[in-house]
Amino acid sequence: MFDLENLSVAYKNTKVLDRISLKILNGEKVALIGPSGAGKSTLLRKLYEMHQKKSAFIHQDFALVPQLSAFHNVYTGRLDRYSLWHNLLNLVRPQRNEIEQIRPVFKALGIEDRMFSRVSALSGGQQQRVAVARAIYRGSEIILGDEPVSSVDPHHASAVIDLLLKAAPTVILSLHSVHLALEFFDRIVGLQNGKIFFDLQRSEIDNKLLSRLYRPC
């Protein structure tokens with residue numbers, strides 16, 4: 001699915017990714033961990049560029065339209081699959097078929113009661129779950145998520161991760177929480193200073209290795 005060989009990325013003469021080589025097969029679930037600034041977000045964007053049509057991307061800043069309802073923001077996940085007329089119709093008056101397709105996603109994420117609320121009126125955690133709902137509703141082969149539960153309270157975070165892992169064959173998420181990475185993923189890639197520090201199975205990772213990954217540079 002993904003095959004990177006010595007990928008380097010620099011912004012304004014600052015190297016963000018340094019000779020990254022990474023292979024991810026169809027059907028794999030992979031967690032990206034590492035300190036802030038390690039290059040996780042840039043790596044996810046590069047992976048997305050490789051398979052945009054097959055992927056749904058969850059942005060760290062949610063990338064929602066605050067003036068629209070939660071329903072309409074999720075509906076945009078499939079805008080490219082319907083005609084202009086059908087999209088305009090749902091903008092003016094959401095159709096029953098689309099409502100019934102989207103409602104179960106909201107229910108699973110615990111925000112069914114906010115389905116027709118304006119996004120600007122939602123809390124940060126609720127907005128993030130709307131962004132997750134949009135990715136799930138898109139129904140893509142690949143889900144890429146940049147800290148998809150960073151604003152979700154711990155009570156809901158595990159449920160959100162579990163839903164994402166079931167929503168697509170291939171799932172790659174960057175996670176701030178090492179605990180969630182170890183709980184839900186078998187393959188974990190640690191990044192440090194734009195390089196892959198380790199690419200290991202969960203059973204091979206111990207506290208000593210994690211301390212080295214997150215130690216101050």
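This report describes a buried asparagine, a covered helix, a nonpolar surface patch and several salt bridges in a predicted model.

**A buried polar residue**

Asn73 lies in helix 2, which spans residues 70–75, and with a relative accessibility of 1% this residue counts as buried, because the cut-off for that class is under 20%. A polar atom of the Asn73 side chain lies 2.7 Å from the backbone nitrogen of Val65. When neighbours within four places in sequence are left aside, the contacts of Asn73 are Leu64, Val65, Leu68, Val119, Val130 and Arg134.

**Helix 5**

Helix 5 covers residues 124–138, and its 15 residues reach 22 Å from the first C-alpha to the last, which is close to the 21 Å expected at 1.5 Å a residue. This helix is mostly covered, with 14 of its 15 residues buried. Gly139 follows helix 5 and has a positive phi, near 70°.

**A nonpolar surface patch**

On the surface, Leu84, Leu88, Leu91 and Val92 form a nonpolar patch whose accessible area is about 420 Å² together. Val92, one of these residues, lies in helix 3 (residues 84–92) and is exposed, with a relative accessible area of 73%. In general, an α-helix has 3.6 residues a turn, so residues three or four places apart point the same way.

**Salt bridges**

Side chains of opposite charge can pair when their charged atoms come close. A search of the whole structure finds eleven salt bridges, among them those in the table below.

| Salt bridge | N to O distance | Relative accessible area of each partner |
|---|---|---|
| Arg19 and Asp18 | 3.2 Å | Arg19 52%, exposed; Asp18 12%, buried |
| Glu28 and Arg187 | 2.9 Å | Glu28 21%, partly exposed; Arg187 9%, buried |
| Arg138 and Asp80 | 3.0 Å | Arg138 14%, buried; Asp80 55%, exposed |

The side chains of Glu28 and Arg187 meet in a salt bridge. Glu28 lies in the loop between strand 2 (14–24) and strand 3 (29–33), whereas Arg187 belongs to strand 7 (residues 187–192), so this pair ties together parts that are 159 residues apart in sequence.

The side chains of Arg138 and Asp80 also meet in a salt bridge. That pair links distant parts of the chain, since Arg138 is in helix 5 and Asp80 is in the loop between helix 2 and helix 3, 58 residues apart. Finally, Lys15, Asp18, Arg19 and Lys195 are joined into one network by salt bridges that share partners.

Note on methods. Residues are numbered from 1 along each chain as its sequence is written. This is a predicted model: local features need pLDDT of at least 70, side-chain atom pairs count only at pLDDT 80 or more; totals for chains, interfaces and linings use all residues. Side-chain values use heavy atoms; hydrogens and water are left out. Helices (H or I, at least four residues) and strands (E, at least two) are DSSP runs, numbered from the N terminus. Buried means under 20% relative accessible area, exposed over 50%, partly exposed in between (1.4 Å probe, protein chains only). A polar contact is a pair of N or O atoms within 3.5 Å; within protein, one must be able to donate a hydrogen and the other to accept it, and residues adjacent in sequence count only if both atoms are side-chain atoms. Contact means heavy atoms within 4.5 Å. Patches are made of residues with over 30% relative accessible area and no salt bridge: like charges are joined within 9 Å, nonpolar side chains (Val, Leu, Ile, Met, Phe, Trp, Tyr) within 5 Å. Accessible areas come from the Shrake-Rupley method with a 1.4 Å probe; for residues, only the protein chains shown count as cover. A salt bridge is a side-chain nitrogen of Lys or Arg within 4 Å of a carboxyl oxygen of Asp or Glu. The expected span of a helix is 1.5 Å times one less than its number of residues.
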